[in-house]
Amino acid sequence: MVWKSAQKLIHNWKILRGDNVMIIRGKDKGEKGVVKRVVRSQNRVIVEGKNLVKKHIKQGQGHEGGIFTVEAPLHVSNVQVLDPITGSPCKVGIKYLEDGTKVRVARGQGASGNIIPRPEILKIRTTPRPTVAGPKDTPMEHVLERTYDAKTGKGMPEL
């Protein structure tokens, strides 16, 4: 299913998984919550415990059917990040510190202008990195093999 609003995908995301946000439009307007998941292919976010809808699920092998309450995705334009100091919704700007690190900053009317920290949950990987070399990984002896010598020109292809 293609959402009409997803035809213009956002390239520079300012809302991250684990951010405290306020819903500014819709049936849960004015409520605060934590971003559970970001669906970048649809420009949508899922806020924990908000925008609940009833879902009818058929019984299948290994699970029971019934009517369940699930969180539906919200469009990213309907939520705003909360300012860590004032607790009010604000726009997010990007700023570079003196040491060159990129940080998010609270912007807009009534915003404190302070740094919005990255959520701690982002440090935990959802899929762990593989520890054993797989069949498509390049062996280390091939990676370290020297194939070109700049002084002699050995290894340069004949053009």
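**Exercise 1. Which residues form a nonpolar patch on the surface, and with about how much accessible area together?**

Before solving, a word on the model: it is predicted, so local features need pLDDT of at least 70 and side-chain atom pairs count only at pLDDT 80 or more, while totals for chains, interfaces and linings use all residues. Residues are numbered from 1 along each chain as its sequence is written, and side-chain values use heavy atoms, with hydrogens and water left out.

*Solution.*
- Step 1: Look for Met140, Val143 and Leu144, whose patch has about 340 Å² of accessible area together. Patch members have over 30% relative accessible area and no salt bridge, and nonpolar side chains (Val, Leu, Ile, Met, Phe, Trp, Tyr) are joined within 5 Å. Areas come from the Shrake-Rupley method with a 1.4 Å probe, with only the protein chains shown as cover. A salt bridge is a side-chain nitrogen of Lys or Arg within 4 Å of a carboxyl oxygen of Asp or Glu.
- Step 2: Place Leu144 in the segment after α1 (140–143). Helices (H or I, at least four residues) and strands (E, at least two) are DSSP runs, numbered from the N terminus.
- Step 3: Leu144 is exposed, at a relative accessible area of 66%. Exposed means over 50%, buried under 20%, and partly exposed in between.

**Exercise 2. Find the polar partners of Asp19 and Arg104.**

*Solution.*
- Step 1: Asp19 sits in the segment before β1 (20–23) and is buried, with a relative accessible area of 3%.
- Step 2: Arg104 belongs to strand β9 (residues 102–107), and it is buried too, at 10% relative accessibility.
- Step 3: The two side chains are joined by a polar contact of 2.8 Å. Such a contact is a pair of N or O atoms within 3.5 Å, one able to donate a hydrogen and the other to accept it; residues adjacent in sequence count only if both atoms are side-chain atoms.
- Step 4: Now add the backbone. A polar side-chain atom of Asp19 lies 2.9 Å from the backbone nitrogen of Leu16, and one of Arg104 lies 3.3 Å from the backbone oxygen of Pro117.

**Exercise 3. Which residue in the loop between β2 (32–39) and β3 (44–47) should you inspect?**

*Solution.*
- Step 1: Go to Asn43, which lies in that loop.
- Step 2: Its phi is positive, about 60°, although Asn43 is not a glycine. Most residues other than glycine have a negative phi.
- Step 3: Check its cover: Asn43 is buried, at 1% relative accessibility.

Conventions:
Patches are made of residues with over 30% relative accessible area and no salt bridge: like charges are joined within 9 Å, nonpolar side chains (Val, Leu, Ile, Met, Phe, Trp, Tyr) within 5 Å. Buried means under 20% relative accessible area, exposed over 50%, partly exposed in between (1.4 Å probe, protein chains only).
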